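Q: Please take a close look at one part of this model, a single residue in a loop, and then set it against the rest of the chain.

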Amino acid sequence: MKFIGRYKIYYFLFLALLCSGVEAAQAIDFQVFDNKGNFLENAVVMVTSQDGIPLGANEIEKIVIDQKDKEFAPYMTALSVGSSAVFPNNDKIRHQVYSFSEAKKFEIPLYKNAPEQPIDFDKTGVVALACNIHDWMKAYIFVSPSSLYAITDANGKTKIDNLPNGKLEVQVWHPRLKGKPESTTQIIMPTDAQPISFTIETKRVWRPHRAPSQAGSGGYR
Ligand SMILES: [Cu+2]
């Protein structure tokens with residue numbers, strides 16, 4: 001009896017291992033809407049804790065934010081805290097990139113081509129980018145506490161792969177979000193129906209028009 005009992009334990013251990021192996025990594029689909037029910041593009045969806053324990057940044061990246069045709073590309077970037085970015089200038093004119101944001105204040109003096117030094121992002125939060133020469137040039141970097149994030153497409157949809165198993169805390173941020181990312185927090189379970197949807201209260205944001213004939217004017221969006 002003792003012999004069988006021991007095998008039983010091994011059998012359960014084996015099963016437990018098998019199950020944990022299968023469930024260790026999962027992909028979850030998300031969809032983000034504004035409070036009028038429109039799809040919200042360029043929203044950052046990020047996982048901030050698992051079973052109540054904050055997830056640390058585990059992937060340090062070096063990303064590129066281009067300047068092409070007097071626009072930043074991409075408009076929205078997310079990276080995990082500790083990562084860095086370079087801002088190459090692919091236009092024939094000069095740009096002067098800066099941020100006054102709490103999460104990172106910096107300025108790259110007027111330049112062409114690629115500035116030598118990457119900018120480090122060592123504090124979580126939102127970094128709003130702008131150009132001193134071209135008022136309409138705007139872009140955002142969301143410095144995420146973990147590397148588990150994704151950005152929504154034109155249908156407000158995105159997917160995060162390789163998520164750990166368990167109860168996950170998820171937040172959403174968008175340039176037009178009214179309030180802090182904490183206000184969008186949802187606790188989700190692996191068994192929840194997908195896509196997991198978020199409805200975000202948005203505010204109107206002033207954006208200068210690009211056309212020179214309308215210089216000085218702008219519009220809300
Ligand atoms: Cu510029």
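A: Two residues are in contact here if their C-beta atoms, placed from the backbone, lie within 7 Å. By that criterion, and leaving aside residues up to four places away in sequence, Tyr111 touches Asn89 and Arg94. The model is a predicted one. Tyr111 sits in the loop that runs between strand E10 (104-107) and strand E11 (119-120). Its partner Arg94 is 17 residues away in sequence, yet the C-alpha atoms of Tyr111 and Arg94 are 5.2 Å apart in space.

As for burial, a residue is buried if 20 or more other C-beta atoms lie within 10 Å of its own, and exposed if 12 or fewer do. Tyr111 has 16 C-beta neighbours inside 10 Å, so it counts as partly exposed. In the protein chain, 24% of the 221 residues count as buried.

The setting is a chain with one helix and 20 strands. Of the contacts in the protein chain between residues at least 6 apart in sequence, 61% join residues at least 24 apart.

One sheet of the chain can serve as an example of the strand pairing. It is an open sheet of three strands in the order E15-E1-E18, with mixed pairing. Strand E15 (157-163) and strand E18 (196-200) are its edge strands, each pairing on one side only. On average, neighbouring strands of this sheet are turned by 25 degrees against each other, direction ignored. Strand E1 (residues 26-34) pairs with E15 in the antiparallel sense, over five bridges. Within that sheet, Phe30 stands opposite Thr158 in E15.

Conventions:
Residues are numbered from 1 along each chain as its sequence is written. This is a predicted model: local features need pLDDT of at least 70, side-chain atom pairs count only at pLDDT 80 or more; totals for chains, interfaces and linings use all residues. Two strands pair if DSSP finds at least two bridges between them. Helices (H or I, at least four residues) and strands (E, at least two) are DSSP runs, numbered from the N terminus. Axes are lines fitted to C-alpha atoms, for helices over the stretch in contact, and angles run from 0 to 180 degrees between N-to-C directions.
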